[in-house]
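Reader: I am in my first year of study and should like to understand one part of this structure closely. Please take a single residue and explain its surroundings in one connected account.

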Amino acid sequence: MAKYAVIKQNYEFRRAYHRGKSFVSPYLVAYCFKKRYGGIKMGITSGKKIGNAVARNRSRRIIREAYRSIYPELSGNWDIVFVARTAVLYKKSTYIAAVMRKQLREAGVLN
RNA sequence: UGAGUAGAAUAAACGGUCGCGUGCUUUGCUCCAAAGGGCAUUGCAUGAGGAAAGUCCGAGCAUCGCAGGGCAAGGAUAACGGCUAACGGCCGCCGAGGGUGACCUUAGGGAAAGUGCAACAGAGAUAUACCGCCAAUCUUCGGAUUGGUAAGGGUGGAAAGGCGAGGUAAGAGCUCACCGGCUGUGCGGGAGACCGGACAGCCCUGUAAACCCUAUCCGAUGCAACAUCGUGGUGGAACAUUUUGCGGCUGCCCGUCGCGUUCCUGGGAGAUGGCUGGAGCUGUGCAGCAAUGUACAGUCGAGAUAGAUGACCGUUCACGACAGAACUCGGCUUACAGUUCUGCUCACGUC
RNA sequence: GGCCCGGUGGUCAAGAGGCCUAAGACUCCGCCCUUUCACGGCGGCAACACGAGUUCGAAUCUCGUCCGGGUCA
């Protein structure tokens with residue numbers, strides 16, 4: 001976890017849900033919130049709807065791997081929260097990375 | 001060969017590149033008096049399960065309570081012997097039930113200590129007499145009344161043990177033989193539950209996963225326990241109570257209000273420990289029917305804290321089920337694609 | 001991770017071994033009333049989370065699953 005910053009506090013998640021812009025796809029939802037300082041921070045939510053513990057871990061790993069491939073290209077001060085959906089379990093991380101790249105370009109995080 | 005039954009093992013494999021957690025390590029920068037620490041980085045090692053799950057039992061460990069012992073309340077368990085740290089677990093065995101059999105199931109003490117409950121049906125539910133049967137009396141000869149009886153009918157989950165003979169007005173364990181059950185005495189076998197005979201007495205509804213009785217066991221709470229460091233605020237003590245400064249009312253001036261330091265107490269942000277070497281694992285020998293125990297040799301196999309196993313490429317196959325450690329063990333229960341092995345049983349065929 | 005409750009028609013719910021073939025209210029359907037709608041009246045449909053066990057008999061008692069909820073400051 002040393003390479004990229006991680007969102008830990010509950011208020012940061014809530015701030016992203018309420019005031020961030022959302023971008024939807026069948027595999028994941030991205031909430032992006034622009035800050036004044038603090039750099040790029042990322043958080044993942046995989047709720048009970050995804051399934052059991054194995055499925056929740058699996059969804060987090062795929063999203064984290066996709067984010068890892070995109071992370072060096074990001075710049076600015078943003079809080080990004082990804083919410084996993086059930087369909088993410090049946091896709092490869094490279095496919096998810098392409099979807100995520102499109103969402104982040106829409107948000108303006110990625111140029 | 002087919003069908004079945006009991007048990008055990010395994011939980012896709014191999015190679016390459018990038019990435020993550022932990023431990024050790026290389027180098028650089030940095031904090032520090034030092035010990036040591038922080039950040040980045042190099043290399044090596046290692047990194048989820050048989051159920052990690054449910055949280056249903058039993059323990060370790062920790063805090064609180066408690067001199068020690070007993071009683072009561074509440075809860076749990078229930079044939080017998082053994083194993084175990086302990087258990088409601090396991091092994092063996094007995095009884096009961098099921099299966100042609102291998103084998104499987106079994107909350108399996110006490111209803112003869114007491115209390116309660118048993119709807120509907122039925123004459124009657126722990127005590128009786130509706131239809132019957134028999135006798136006596138009366139009779140309008142259809143039957144009625146009184147008494148005896150419980151074999152037969154019908155109801156029900158259950159109706160005073162079953163069946164045969166004797167007996168009788170009709171009948172009845174009323175009597176007898178056989179069978180069944182209960183209680184007591186004594187005999188043989190067994191470690192015991194229990195099994196097999198003998199004698200005497202008796203023949204009694206079920207329900208204790210209804211209250212209850214008997215025997216045995218149990219203090220409460222749980223790692224978000226707990227210990228240490230420690231911020232703000234609280235309380236107490238000592239010193240100071242002048243100036244300067246800061247903040248609020250209020251953007252500025254005036255005015256006005258508040259604000260000190262040290263030690264102790266206390267424990268709420270946060271941090272560290274607890275945190276993994278243990279009733280451990282593997283192999284062999286010995287004891288035991290087995291559960292298990294023991295001796296020797298070898299071995300160290302996760303420890304996170306938003307929570308580590310992923311991605312891509314190549315090869316092979318049966319194309320991969322259920323499913324993710326969170327203080328740790330022993331069990332139980334539940335979920336589960338396949339593959340392999342072993343013991344045994346039944347049926348058919350051949351020699 | 002630990003601890004503790006609950007599950008009855010579409011909804012809210014009573015029943016705590018037999019009178020249960022399961023009360024009641026709202027909803028829904030049909031009929032009546034009204035010129036029509038509403039209100040009202042009459043009638044009807046519809047449920048014991050699932051699987052075993054104890055018992056003559058289980059929504060109720062026992063055990064195990066599956067869901068739902070609460071709680072730790």
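Author: In this predicted model, Val 88 is in contact with Tyr 27, Ser 59, Ile 62, Ile 63 and Ile 96, once its neighbours within four places in sequence are left aside. Val 88 is found in the loop between strand 5 and helix 3. Although Val 88 is part of a loop, this residue has a relative accessible area of 0% and is therefore buried, the limit for that term being under 20%. Val 88 can also be placed relative to a residue remote from it in sequence: Gly 47 is 41 residues away along the chain, and the C-alpha atoms of the two are separated by 13 Å.

One of the residues in contact with Val 88 is Ser 59, and this serine deserves attention of its own. Ser 59 belongs to helix 2. Is Ser 59 buried or exposed? Ser 59 is buried, because its relative accessible area is 0%. Beyond its neighbours within four places in sequence, Ser 59 is in contact with Ser 46, Ile 50, Ala 84, Val 88 and Leu 89.

Helix 2, the place of Ser 59, leads to the RNA. Helix 2 (53-70) and helix 3 (93-107) are the elements that give two or more residues each to the surface near RNA strand B. Of these residues, eight come from helix 2, which is the largest share of that surface. There are 18 residues around RNA strand B, and those that come nearest are Asn 57, Arg 58, Arg 61, Lys 92 and Ser 93. Sorted by class, the surface near the RNA has eight charged, six nonpolar and four polar residues.

Three side chains show which parts of the RNA are approached. Arg 58 has a polar side-chain atom 2.6 Å from a phosphate oxygen of RNA strand B. In the side chain of Arg 68, an N or O atom is 3.3 Å from a sugar or linking oxygen of the strand. For Asn 57, the partner is a base nitrogen, which is 3.2 Å from an N or O atom of the side chain. Taking the atoms of RNA strand B that lie within 4 Å of the protein, 73% belong to sugar or phosphate, while the rest belong to bases.

The loop that holds Val 88 begins after strand 5, and this strand is part of a sheet. The sheet is open and has five strands in the order 1-4-5-3-2, with mixed pairing. Its edge strands are strand 1 (5-6) and strand 2 (21-24), each of which pairs on one side only. Strands of a sheet pair through backbone hydrogen bonds, in either a parallel or an antiparallel sense.

Strand 5 (residues 78-84) runs parallel to strand 4 (residues 40-45), and six bridges join the two. Within this pair, Ile 40 stands opposite Trp 78, and Lys 41 stands opposite Asp 79. Strand 4 also pairs with strand 1 in the parallel sense, over two bridges; here Met 42 of strand 4 stands opposite Val 6. Why is strand 4 described as largely enclosed by the rest of the structure? The reason is that five of its six residues are buried.

The antiparallel sense is found between strand 2 and strand 3, which pair over four bridges. Phe 23 has Ala 30 of strand 3 as its bridge partner. A hairpin of three residues joins strand 2 to strand 3.

Two helices lie across this sheet. Helix 1 (residues 10-19) lies across strand 2, strand 3 (28-34), strand 4 and strand 5, and runs at about 85 degrees to strand 5. Helix 3, which follows the loop of Val 88, lies across strand 2, strand 3 and strand 5, and runs at about 35 degrees to strand 3.

A final residue offers a contrast with Val 88. Tyr 37 is placed in the loop between strand 3 and strand 4, and this tyrosine counts as exposed because its relative accessibility is 67%. Tyr 37 and Gly 51 are 14 residues apart along the chain, with their C-alpha atoms separated by 36 Å. Both Val 88 and Tyr 37 are thus loop residues, yet Val 88 is buried, whereas Tyr 37 is exposed.

Key
Residues are numbered from 1 along each chain as its sequence is written. Chains are lettered from A and ligands numbered from 1 in the order in which they are written. This is a predicted model: local features need pLDDT of at least 70, side-chain atom pairs count only at pLDDT 80 or more; totals for chains, interfaces and linings use all residues. Side-chain values use heavy atoms; hydrogens and water are left out. A residue is near a molecule or strand if one of its heavy atoms lies within 4 Å of it. A polar contact is a pair of N or O atoms within 3.5 Å; within protein, one must be able to donate a hydrogen and the other to accept it, and residues adjacent in sequence count only if both atoms are side-chain atoms. Ala, Val, Leu, Ile, Met, Phe, Trp, Tyr, Cys and Pro count as nonpolar, Asp, Glu, Lys and Arg as charged, and the others, Gly among them, as polar. Buried means under 20% relative accessible area, exposed over 50%, partly exposed in between (1.4 Å probe, protein chains only). Contact means heavy atoms within 4.5 Å. Two strands pair if DSSP finds at least two bridges between them. Axes are lines fitted to C-alpha atoms, for helices over the stretch in contact, and angles run from 0 to 180 degrees between N-to-C directions.
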